[in-house]
Amino acid sequence: MTNIRLFLLLAFAISLNNYSQNSLEADINEVESEVIEWRRDFHENPELSNREFKTADKIAKHLKSLGLEVTTGVAKTGVVGILKGKKPGKVIALRADIDALPVTERNDLPFKSEVTTTFLGEETGVMHACGHDTHTAILMGVAEVLSKHNDFAGTVKFIFQPAEEGPPPGEEGGAKLMIKEGVLENPEVDAIFGLHINSSTPVGTIRYKPGGTMAAVERFVIDVKGKQTHGSAPWSGVDPILISAKIVDGLQTIISREAPLVDEAAVITVGKITSGVRFNIIPESAQMIGTVRTLDPEMRTLILTRMKEMVPTIAKAYGGDATIEIENFTAITYNDEALVAEMLPSLQKIAGKEHVELVKATTGGEDFSFFQQKVPGFYFFLGGMPKDATEPAPHHTPDFYIDESGMLLGVKAFTQIVYDYLGQ
């Protein structure tokens, strides 16, 4: 009798588990239409960094309707939702960025953005030209699914982050401000996960890289001072344009001769040079503006140190003076190797091992990196390339377009990660 009872209990448990799993899968598939609808609404009504008021309101209303603990106004327009499992346990955070870009859309879509605004004194359109609308909709879908299936031990913190593209000049914002305001505390986060949809990655594919996966981004400004004189008599002055040319050349030797590029890639780019007013006048000053991209902390320190040493020294060698100011925009998006190894099977489980690809790092930047400086994090890429695309439009362009069928995998990935991470 005892053996029969044990057999029946085991059979019941297996049946219950299968029912729960089937119910979860059904709810994930059912939420896809809502995710697409939300995404289209966000796409049609985009808002710039630190101005995501309507976006935040829509997110907050949805999370509250699910019974989550909701905090609004985090880092100006951010929204945080907390979902507790049926038992205490670890705390996992999932993050989505919610801001759009000052780009005028060219796509012919029923939900095309017609929004316009003034950005830095220029009239421009506003567009979700980087896929943040899909990230927001995906995370809203995950919240809905998990609110119905919170039979896990632990807590999920949903972070809807504003200003990933950078706050307006003179304002704080983004991940840095969220951290400053305590988003990783109360409850304290053990690990954080994020994803980015990609227009050149096939739908159904997930790509990842342990360690440095996206670059630290620095902006630098170099001011060169010479001595103005007549263009016909350069020996009577000090040419800041010549000095600028030597500095540009010198900076590239840091990359080509000093940076250990066998470890990781690095880039120094001078994107703008301003000097002079007339063809026959050697001007008094010049200014250069550019960016540095690094994927290794030690290499980053080396490059920035050498830039600060080299710029004034080169100027002095040619009789002038130069100063350099370097401003950090993002840290290295560094995927914790142990966390990646631990959670990679979750991605392979829902996408298929053959559709989860190890890739090289990119020199784009992400302020998700600031979360990763505080807690272990894993940031991966989700396929969104239109099936018939031969040359998909890059991100941050007027023709950027995402295949919405790719979003469901994002919902599945986050959901599986939560169950597996909190189940360990």
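Me: What makes α5 count as lying across β10, β12, β14 and β15, and at what angle does α5 run to β12?

Reply: In this predicted model, α5 lies across β10, β12, β14 and β15, where contact means heavy atoms within 4.5 Å. The direction of α5 runs at about 175° to β12, and because angles over 145 degrees count as roughly antiparallel, this pair can be called roughly antiparallel. The helix α6 packs on the sheet as well, touching β10, β12, β14 and β15, and its direction makes about 160° with that of β15.

Me: Why is α5 called roughly antiparallel to α6?

Reply: The axes of α5 (residues 240-258) and α6 (residues 297-317) come within 10 Å and cross at roughly 150°. The cut-off for roughly antiparallel is over 145 degrees, and the crossing angle therefore makes α5 roughly antiparallel to α6. The crossing of these two helices is right-handed.

Me: Which residues make the contact between α5 and α6, and how many of them are nonpolar, polar and charged?

Reply: On α5 the contributors include Ile243, Ile247, Leu251 and Glu258, while those on α6 include Leu302, Arg306, Met310 and Ile314. Sorted by class, the contact has 12 nonpolar, two polar and three charged residues.

Me: What makes β12 and β15 the edge strands of the sheet?

Reply: The sheet is open and has four strands in the order β12-β14-β10-β15, with antiparallel pairing. Both β12 (266-275) and β15 (321-330) pair on one side only, and they are accordingly its edge strands. Neighbouring strands of this sheet are turned by 20° against each other on average, direction ignored.

Me: How do you know that β10 and β14 pair?

Reply: Strands are said to pair if there are at least two bridges between them, and 10 bridges join β10 (residues 216-225) to β14 (residues 285-294), so the criterion is met. These two strands run antiparallel, and Ile222 stands opposite Met288 in β14.

Me: Why is the approach of Ser232 to His230 called a polar contact?

Reply: The side chains of Ser232 and His230 make this contact at 2.8 Å, and because the limit for a pair of N or O atoms is within 3.5 Å, the distance satisfies the criterion. Ser232 itself is found in the loop between β11 (229-230) and α5.

Me: What is the omega of the cis peptide bond that joins Asn186 and Pro187, and where is Pro187 found?

Reply: For this cis bond, omega is about 0°. Pro187 is found in the loop between α4 (174-180) and β7 (191-202).

Technical notes
Residues are numbered from 1 along each chain as its sequence is written. This is a predicted model: local features need pLDDT of at least 70, side-chain atom pairs count only at pLDDT 80 or more; totals for chains, interfaces and linings use all residues. Side-chain values use heavy atoms; hydrogens and water are left out. Axes are lines fitted to C-alpha atoms, for helices over the stretch in contact, and angles run from 0 to 180 degrees between N-to-C directions. Angles under 35 degrees count as roughly parallel, over 145 as roughly antiparallel, 65 to 115 as roughly perpendicular and the rest as oblique. A crossing is left-handed if the near helix is turned anticlockwise from the far one by less than a right angle, and right-handed if clockwise. Ala, Val, Leu, Ile, Met, Phe, Trp, Tyr, Cys and Pro count as nonpolar, Asp, Glu, Lys and Arg as charged, and the others, Gly among them, as polar. A polar contact is a pair of N or O atoms within 3.5 Å; within protein, one must be able to donate a hydrogen and the other to accept it, and residues adjacent in sequence count only if both atoms are side-chain atoms.
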